[in-house]
Amino acid sequence: MAGGPGRPAGRPPSVPRRRHAITVAAHIGTLHQEPFAVVPWGRSARSRRHTMSVLFVTGTGTEIGKTVTTAAIAAAALARGRSVAVLKPAQTGVTAHETGDAAEVERLAGPVTTLELARFPDPLAPATAALRAGLPPVLPQDIAEAAAKLAASHDLVLVEGAGGLLVRFDADGHTLADAARLAKAPVLVVAQAGLGTLNATALTALALRSYGLDSPGVVIGSWPAAPDLAARCNLTDLPDAAGAPLLGLIPEHSGALAPDDFRAAAPGWLAPTLGGSDAFRIPS
């Protein structure tokens with residue numbers, strides 16, 4: 001898988017050392033220098049000083065349930081007594097006074113720390129939206145540093161991408177995969193339920209491998225109340241396409257639930273690997 005247009009196949013793009021002339025947020029700080037390991041999502045961090053827990057959340061496309069999935073994972077972690085931060089590197093398609101994805105996660109999941117690095121009004125890929133707004137783009141270093149800063153004081157940091165894994169964040173073609181690689185963090189894939197999802201999931205998994213990134217698994221971001229034949233078959237086929245287990249089924253329209261109902265139900269939608277309930281089952 002090419003790292004971007006014009007790059008040799010099979011080689012992830014290198015990340016340049018240059019930085020913004022403008023600091024994205026004064027409180028981001030510098031990348032934590034101690035090595036860290038990702039703790040299993042269902043457990044409390046053994047030591048915040050020496051252990052960080054960061055999970056990137058991407059999708060096989062847009063409007064497939066990344067935000068609601070992020071909220072469900074956050075709610076499950078909060079229910080276990082963990083502190084949670086939600087990082088949205090680039091929020092597109094909303095104005096300064098509208099509710100963004102991080103705020104929606106907080107509304108559904110409960111008291112989480114939220115941080116946006118940039119907001120662009122046009123509903124476009126971050127690189128294009130930043131260019132049209134005349135604002136500096138978000139670089140992979142910005143995302144990795146912000147995640148590390150949040151992880152130093154939280155048990156779990158969830159980094160929600162924009163669109164799919166290889167959507168461009170800047171004019172040089174850097175993506176969420178570059179940021180996850182710098183952060184040394186795994187990437188959860190949110191997929192659709194029905195026809196066409198196997199190819200999109202397999203391509204996303206191929207891209208993750210080309211960047212040397214690990215993935216704990218796949219979550220279906222909107223599981224229909226009355227699944228058709230393709231959706232039912234995909235319960236078996238998605239793990240093969242992803243090369244990783246199916247870790248969650250988020251019921252369709254879950255984002256419309258009252259927050260208390262969402263928080264009570266969320267652990268049952270997720271496997272224990274994501275902090276969910278031991279009672280989680282994939283329908284047969």
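## An exposed turn residue

At 64% relative accessibility, H253 counts as exposed, because the cut-off for that class is over 50%. The model described here is predicted. H253 sits in the loop that links β7 to α8 (259–265). Its phi is positive, about 65°, although H253 is not a glycine. Most residues other than glycine have a negative phi.

E63 also has a positive phi, near 60°, and is likewise a residue other than glycine. The loop between β1 and α1 holds E63. Its relative accessible area is 75%, so E63 is exposed.

## The sheet

Seven strands form an open sheet. Their order is β3-β2-β4-β1-β5-β6-β7, and the pairing is parallel. The edges are β3 (113–120) and β7 (246–251). Each has a single partner strand, so one side of each is left without a neighbour in the sheet. On average, neighbouring strands of this sheet are turned by 20° against each other, direction ignored.

Strands of a sheet pair through backbone hydrogen bonds, either parallel or antiparallel.

## Strand β4 and its partners

Strand β4 covers residues 156–164. How many of its nine residues are buried? The count is nine of nine, and the strand is mostly covered.

In the strand order, β4 stands between β2 and β1. Strand β1 (residues 54–59) runs parallel to β4 and is joined to it by five bridges. Within that pairing, L55 of β1 has L158 of β4 as its bridge partner. Strand β2 (residues 84–92) also pairs with β4 in the parallel sense, here over four bridges. L158 serves as the bridge partner of V86, and V159 as that of L87. L158 therefore appears in bridges with both L55 and V86.

## Helices on the sheet

Helix α1 (residues 66–79) packs on the sheet. Which strands does α1 touch? They are β1, β2, β4, β5 (187–191), β6 (218–223) and β7. The direction of α1 makes about 170° with that of β4. Angles over 145 degrees count as roughly antiparallel, so α1 and β4 fall in that class.

Helix α6 (residues 197–210) lies across β1, β5 and β6. Its course is at about 165° to β5. By the cut-off of 145 degrees, α6 and β5 are therefore roughly antiparallel too.

## Two residues of α1

T70 belongs to helix α1. Its relative accessibility is 0%, so T70 counts as buried. Leaving out residues up to four places away in sequence, T70 touches V57, V86, V105, L158 and E160. L158 and V86, both in that list, are also bridge partners of each other.

V68 is found in α1 as well. At 18% relative accessibility it counts as buried, because the limit is under 20%. Its contacts, again without residues up to four places away, are I250, S254, G255 and F262. The C-alpha atom of V68 is 8.2 Å from that of L108, which is 40 residues away along the chain.

## The aromatic pair

F262, one of the contacts of V68, is also part of an aromatic pair. The structure holds one such pair. Its members are F262 and W269, with ring centres 5.2 Å apart and planes at 80°. The pair is edge-to-face because the angle is over 60 degrees. Are F262 and W269 buried or exposed? Both are buried.

## The α4–α5 packing

Two packed helices are described by the angle between their axes and the distance between the axes. For helix α4 (residues 140–151) and helix α5 (residues 176–183), the axes come within 8 Å and cross at roughly 45°. That angle makes α4 oblique to α5. The crossing is right-handed. On the α4 side the contact residues are P140, Q141, I143 and A144. They meet D178, A179, L182 and A183 of α5.

Helix α5 is mostly covered, with six of its eight residues buried. The buried residues are L176, A177, D178, A179, A180 and A183. Among them, D178, A179 and A183 take part in the contact with α4. What covers the buried residues of α5? The cover includes β1, α4, β4 and β5.

Definitions and conventions:
Residues numbered from 1 in each chain as written. Predicted model: local features only at pLDDT ≥ 70, side-chain atom pairs only at ≥ 80, totals over all residues. Heavy atoms only, no water. Phe/Tyr/Trp six-rings, centres within 6.5 Å; stacked < 30°, edge-to-face > 60°. Buried < 20%, exposed > 50% of the residue type's maximum accessible area, 1.4 Å probe, protein only. Pairing = 2+ DSSP bridges. Axes fitted to C-alpha atoms, helices over the stretch in contact; angles between N-to-C directions. Parallel < 35°, antiparallel > 145°, perpendicular 65-115°, else oblique. Left-handed = near helix turned anticlockwise from the far one by under 90°. Contact = heavy atoms within 4.5 Å.
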